[in-house]
Amino acid sequence: MTESIAVSSGKGGVGKTTIAVNVALTLAKNGNKTLLLDADLGMANAHLVLGVNPEKSLDDFINKKTELSKISYKINRNLDFISGGSAVHSLLNLENTERYNIIKSFNDLKKVYDYMIIDIGAGADASSISFMSAANKIITVLVSEPTSFADAYSLVKASYLDEKLENFGIVWNMSSSNFQAKSHFEKFQSISTKFLDVKMNFLGSLNNSKIIKQSILSRKPIITNPNLKETECFEKICKNLKSLKPNKNKNIKFFEE
Ligand SMILES: Nc1ncnc2c1ncn2[C@@H]1O[C@H](COP(=O)(O)OP(=O)(O)O)[C@@H](O)[C@H]1O
Ligand SMILES: [Mg+2]
């Protein structure tokens, strides 16, 4: 069974792609066959963080009917990558049955992968919510800014009301300390659980880090260096992901019959 995990956020620029890429690399490093899918509407840029330039993308799958296995790009022994291209735009315009068929076609890959990490667009538009709804688990990334708080709350509210999603794994990014991240998380948790019947789970935090910034600039993912504090943080996030409860909403899910 492949576990699908959507990486979401209320607003952009909070580190969703950085986290999706490094979580995928960490899972792969730990021996899990992993697929990273770039599904960020109009802002597909995970290939830049990975430092690769795949020829094929979801465009080829949707418009030219190329098999999924033929559009994936090998990053390393355990990690494959599917680039978004501009196809994610067309996903938005699809009829429900077509969207259903696309999600279904991932079933062909379920014997191949242990995990699929999906980097989705920021905000609560239909495309983002439909990817969140089709994934088993959700990571939501926040930073300590009022706009990130407010937008993440809107995202949680929309996905709860529209799709009955109730379990959210929170990663607090660019904090000044783990203590600060935890205390801001608790505020967010208390506000969101007061008004909505949802569960917020703290998966971990990442400090504002020059090393992360540098790794993006040099297009060398941080996780390739085992001796860093940041690498340890990603290990912890992946460990906590295991015990995060999946969402059991009724909609069609990736890799499920
Ligand atoms: N923990 C961090 N410390 C420092 N810079 C970070 C951190 N996480 C992300 N960044 C930087 O923030 C910017 C936005 O990150 P990105 O992952 O592209 O966000 P998103 O996908 O949410 O738009 C990038 O320039 C990235 O290098
Ligand atoms: Mg991004």
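1. Helices in this note are DSSP runs of at least four residues, of H or I, numbered from the N terminus, and in that numbering H7 gives the most to the lining of the second largest pocket, with five residues. The model under discussion is a predicted one, and the points below take up its two largest pockets and then three helix pairs.

2. The second largest pocket holds about 220 Å³ of space. Its lining consists of Asn96, Arg99, Tyr100, Ile103, Ala126, Ile129, Ser130, Ser133, Ala134, Glu163, Asn251 and Ile252, and the elements that each supply at least two of these residues are helix H6 (96-105) and helix H7 (126-134). By class, the lining of this second largest pocket comprises six nonpolar, four polar and two charged residues.

3. The largest pocket has a volume of about 560 Å³. It is lined by 23 residues, of which Gly13, Val14, Gly15, Lys16 and Thr18 are the closest to its centre. Two or more lining residues come from each of helix H1 (16-29), helix H2 (46-50), strand S7 (167-175) and helix H10 (210-217), and the largest share, four residues, is that of H10. Sorted by class, the lining of the largest pocket has nine nonpolar, 11 polar and three charged residues.

4. Turning to the helix pairs, H7 packs on helix H8 (residues 146-163) at an angle of about 65 degrees, with the two axes 10 Å apart. Because angles of 65 to 115 degrees count as roughly perpendicular, H7 is described as roughly perpendicular to H8. The crossing of H7 past H8 is right-handed, and in it Ile129, Met132 and Ser133 of H7 meet Leu155, Ala158, Ser159 and Glu163 of H8. The residues of this contact of H7 with H8 are four nonpolar, two polar and one charged. A reader following individual side chains may note that Ile129, Ser133 and Glu163, which take part in the contact of H7 with H8, are also named in the lining of the second largest pocket.

5. H8 also packs against helix H9 (residues 178-195), where the axes come within 11 Å and cross at roughly 40 degrees. The passage of H8 across H9 is again a right-handed crossing. On the H8 side the contact is made by Phe149, Ala152, Tyr153 and Val156, and on the H9 side by His184, Lys187, Phe188, Ile191, Ser192 and Phe195. Divided by class, the contact of H8 with H9 contains seven nonpolar, two polar and one charged residues.

6. The third pair is formed by H1 and helix H11 (residues 229-243), which pack at an angle of about 80 degrees with their axes 9 Å apart, and H1 is therefore roughly perpendicular to H11. From H1, the residues Thr18, Ile19, Asn22, Val23, Thr26, Leu27 and Lys29 meet Thr231, Phe234, Glu235, Ile237, Cys238 and Leu241 of H11. This contact of H1 with H11 has seven nonpolar, four polar and two charged residues. Thr18 links this point to the third one, since Thr18 of H1 meets H11 and is also among the residues closest to the centre of the largest pocket.

How values were computed. Residues are numbered from 1 along each chain as its sequence is written. Chains are lettered from A and ligands numbered from 1 in the order in which they are written. This is a predicted model: local features need pLDDT of at least 70, side-chain atom pairs count only at pLDDT 80 or more; totals for chains, interfaces and linings use all residues. Side-chain values use heavy atoms; hydrogens and water are left out. On a 1 Å grid over the protein atoms alone, a cavity is a set of points where a 1.4 Å probe fits but cannot get out, and a pocket is an open set with protein on both sides within 12 Å along at least five of seven lines; lining residues have an atom within 4 Å of a point. Grid points are joined across faces, edges and corners, and a volume is the space filled by probe spheres set on the points. Ala, Val, Leu, Ile, Met, Phe, Trp, Tyr, Cys and Pro count as nonpolar, Asp, Glu, Lys and Arg as charged, and the others, Gly among them, as polar. Axes are lines fitted to C-alpha atoms, for helices over the stretch in contact, and angles run from 0 to 180 degrees between N-to-C directions. Angles under 35 degrees count as roughly parallel, over 145 as roughly antiparallel, 65 to 115 as roughly perpendicular and the rest as oblique. A crossing is left-handed if the near helix is turned anticlockwise from the far one by less than a right angle, and right-handed if clockwise. Contact means heavy atoms within 4.5 Å.
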